[in-house]
Amino acid sequence: MIKDILNHKKPTISFEVFPPKKEDEFEGVYATLDKLSVLNPDFISVTYGAGGSRSKKTTEIASYIQNNLHIDALAHMTCVGNKKEDIDRVCDELACANIRHVLALRGDRPAYMTDEQYDSRDFAYANELVSHLNANTSFQIAGACYPEKHFEAMSKRADMARLKDKVAAGCDFLITQLFLNNDVFFEFQENCLASGITVPICAGIMPITSVKQVSTTISLSGTSVPKAFSDIIAKYGENPEDMRKAGIDYAIRQILDLKQYGADGIHIYSMNKPKTTAEIMEAVK
């Protein structure tokens, strides 16, 4: 179980994968997982669509990780577009597939949701989903956290209060949103401890290997770009191969620094790129 690993190993190493959007690309994710598995992660998480439309794909992939690769699978679950009965159905599917770990998320509002549907949803926030799962299932539950605060939060203090509620509701450990400045993470760790949050925190690291990721992934997540990384973009942004190498090197330096200063876990957002992940893992052994 992941909680036990986190309590006895520091740092844990884990990866995130996502179900491909196109059906004809779906089979390829198993080859990706096979390649990632030889890197010996402690667990692998699988993302989940905002409205739950791809929950079956999440379950299928998580089942392959858990039952074929014999690596602990962490299935993402979002609640913003789901009723309680939808959540309970997915929980039953996961339990039947021998999945024992869930990352409980509010998720992004689906485009199809009307204001009325959004305002009357069964789970307003992730802490309510955590409470429901804690009371009605035997899953170990992970929660998301945001070193630079959730973009909807009024302040860092308000965001920390919400996180404390989520942990109190039953989170066994946390995984952070990506960040590019380790000092932000270290400050976040200190603030968590000062707030009474003592569960393990896995630091989320995404190798930024293309300029496109800056304008999509980073901007959408609200992650700030420190000068050190801005300089990389300015120097290598017009050369894709050099940018890839520089992005990987930056992620490696982040991870080595996090390991040196005692991070509980390193969670690599693999973007379904086993070659990139392997290069990082080779350098941070």
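1. Two strands are taken to pair if DSSP finds at least two bridges between them. In this predicted model, strand S6 and strand S7 (residues 201-205) pair in the parallel sense over 2 bridges. Within that pairing, Leu-174 stands opposite Ile-201 in S7. The connection from S6 to S7 runs through helix H8 (residues 182-194), and the resulting β-α-β crossover is right-handed.

2. On the S5 side, strand S5 (residues 140-145) pairs with S6 in the parallel sense, here over 4 bridges. For Cys-145, the bridge partner in S6 is Thr-176. The chain leaves S5, passes through helix H7 (residues 156-170) and arrives at S6, and this β-α-β crossover is right-handed.

3. Which residues of S6 are buried on one side, and which on the other? Strand S6 spans residues 173-176, and its two faces are both covered, with Phe-173 and Ile-175 buried on one side and Leu-174 and Thr-176 buried on the other. This arrangement can be read alongside the general pattern that side chains in a regular strand alternate between the two faces of the sheet. Two of these buried residues also appear in the pairings described above, since Leu-174 stands opposite Ile-201 and Thr-176 is the bridge partner of Cys-145.

4. A backbone feature to check by eye is the peptide bond from Lys-10 to Pro-11, which is cis, with omega near -5 degrees. Pro-11 itself lies in the loop that joins helix H1 (2-8) to strand S1 (12-17).

5. Asn-40 has a positive phi, near 60 degrees, although the residue is not glycine. Asn-40 sits in the loop between helix H2 (28-37) and strand S2 (43-46). Is this residue buried or exposed? Asn-40 counts as exposed because its relative accessibility is 61%, where the cut-off for that class is over 50%.

6. Met-271 is another residue other than glycine with a positive phi, in this case near 55 degrees. The loop that holds Met-271 runs between strand S8 (265-269) and helix H12 (274-283). With a relative accessibility of 30%, Met-271 counts as partly exposed.

7. Ser-37 belongs to helix H2, the helix that precedes the loop containing Asn-40. Ser-37 is buried because its relative accessible area is 16%, and the class requires a value under 20%. Leaving aside residues up to four places away in sequence, Ser-37 touches Leu-69 and Ile-71.

Note on methods: Residues numbered from 1 in each chain as written. Predicted model: local features only at pLDDT ≥ 70, side-chain atom pairs only at ≥ 80, totals over all residues. Heavy atoms only, no water. Buried < 20%, exposed > 50% of the residue type's maximum accessible area, 1.4 Å probe, protein only. Right-handed = clockwise from strand over helix to strand, strands pointing away. Contact = heavy atoms within 4.5 Å.
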